[in-house]
Amino acid sequence: MATLPAATRAVSKWTPIEKRGTAIGATHAAGRLGAGTAAPIVALLITWFSWRFSFVAVGILSTLWAVVWWWYFHEDPRQHPRVTSAELAALPTTDHATLAGSARCRGGA
């Protein structure tokens, strides 16, 4: 599942270092909360309509979410039109998440 690595990558680019622990915790907790609440909702859809309808409903909602995410999210916060200069100043200039396995972090050349 690519969701957690993608969320962690987004948090590393969009969140100041001192707030990343809270952001990652919120992201992971929201994923579990969503999974926990989705099961009873899908069960109700199956009970009220049919299992086929539940697939269609979840598919439509997922497609809408993907469209909103594709339209609104930017890989680099500096490219997002609604990010202020104060918010950009709070972000680190070097993305330490991408340097974690590099030779520079291990003291190499």
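Which helix does Thr27 lie in? I started my notebook with that one, and Thr27 turns out to lie in helix H2. Note to self before going on: this is a predicted model.

**Entry 1: Thr27**

I looked up how covered Thr27 is. Its relative accessibility is 27%, so I put Thr27 down as partly exposed, since that class runs between the 20% and 50% cut-offs. Next I checked what Thr27 touches. Leaving out residues up to four places away in sequence, I got Ala7 and Val11. For Ala7 I also pulled the C-alpha separation: 7.2 Å from Thr27, with the two positions 20 residues apart along the chain.

**Entry 2: the whole chain**

Then I stepped back to the fold. I found five helices and zero strands, and the order along the sequence reads α-α-α-α-α. The chain has 109 residues, and 17% of them count as buried. I got an accessible surface of about 8300 Å², with 69% of that belonging to carbon and sulfur atoms. For contacts I took pairs at least 6 apart in sequence; 50% of these join residues at least 24 apart.

**Entry 3: H1 against H2**

Back to the helix that holds Thr27. I wanted the packing of H1 on H2. Two packed helices are described by the angle between their axes and the distance between the axes, so I looked up both. The axes of H1 and H2 come within 10 Å and cross at roughly 150 degrees. That makes the pair roughly antiparallel, because the angle is over 145 degrees. I noted the crossing of H1 past H2 as right-handed.

Who makes this contact? On the H1 side I listed Leu4, Ala7, Thr8, Val11 and Ser12, and on the H2 side Arg20, Ala23, Ile24, Thr27, His28 and Arg32. Sorted by class, the H1–H2 contact has five nonpolar, four polar and two charged residues.

**Entry 4: Arg20**

One of the H2 residues in that contact is Arg20, and I wanted to know whether its side was covered. Is Arg20 buried or exposed? It has 15% relative accessibility, so I logged Arg20 as buried, the cut-off being under 20%. Not counting residues up to four places away in sequence, Arg20 touches Val11, Ser12, Thr15 and Pro92. Val11 and Ser12 were already on my H1 list.

**Entry 5: Ile17**

Pro92 made me look at Ile17 as well. Ile17 sits in the loop between helix H1 (3-14) and helix H2 (20-48). The C-alpha atoms of Ile17 and Pro92 are separated by 7.3 Å, although the two residues are 75 apart along the chain. With 46% relative accessibility, Ile17 goes down as partly exposed.

**Entry 6: H2 against H3**

Last lookup: helix H3, residues 51-72, packed on H2. I got an angle of about 135 degrees and axes 7 Å apart. H2 and H3 are therefore oblique to each other, and their crossing is right-handed. From H2 I wrote down Val42, Leu45 and Ile46, which meet Trp51, Phe53, Ser54, Ala57 and Val58 in H3. How many charged residues does the H2–H3 contact have? I found no charged ones, with seven nonpolar and one polar making up the list. For the H1–H2 contact, my earlier entry has two charged residues.

Technical notes: Residues are numbered from 1 along each chain as its sequence is written. This is a predicted model: local features need pLDDT of at least 70, side-chain atom pairs count only at pLDDT 80 or more; totals for chains, interfaces and linings use all residues. Side-chain values use heavy atoms; hydrogens and water are left out. Helices (H or I, at least four residues) and strands (E, at least two) are DSSP runs, numbered from the N terminus. Buried means under 20% relative accessible area, exposed over 50%, partly exposed in between (1.4 Å probe, protein chains only). Contact means heavy atoms within 4.5 Å. Accessible areas come from the Shrake-Rupley method with a 1.4 Å probe; for residues, only the protein chains shown count as cover. Axes are lines fitted to C-alpha atoms, for helices over the stretch in contact, and angles run from 0 to 180 degrees between N-to-C directions. Angles under 35 degrees count as roughly parallel, over 145 as roughly antiparallel, 65 to 115 as roughly perpendicular and the rest as oblique. A crossing is left-handed if the near helix is turned anticlockwise from the far one by less than a right angle, and right-handed if clockwise. Ala, Val, Leu, Ile, Met, Phe, Trp, Tyr, Cys and Pro count as nonpolar, Asp, Glu, Lys and Arg as charged, and the others, Gly among them, as polar.
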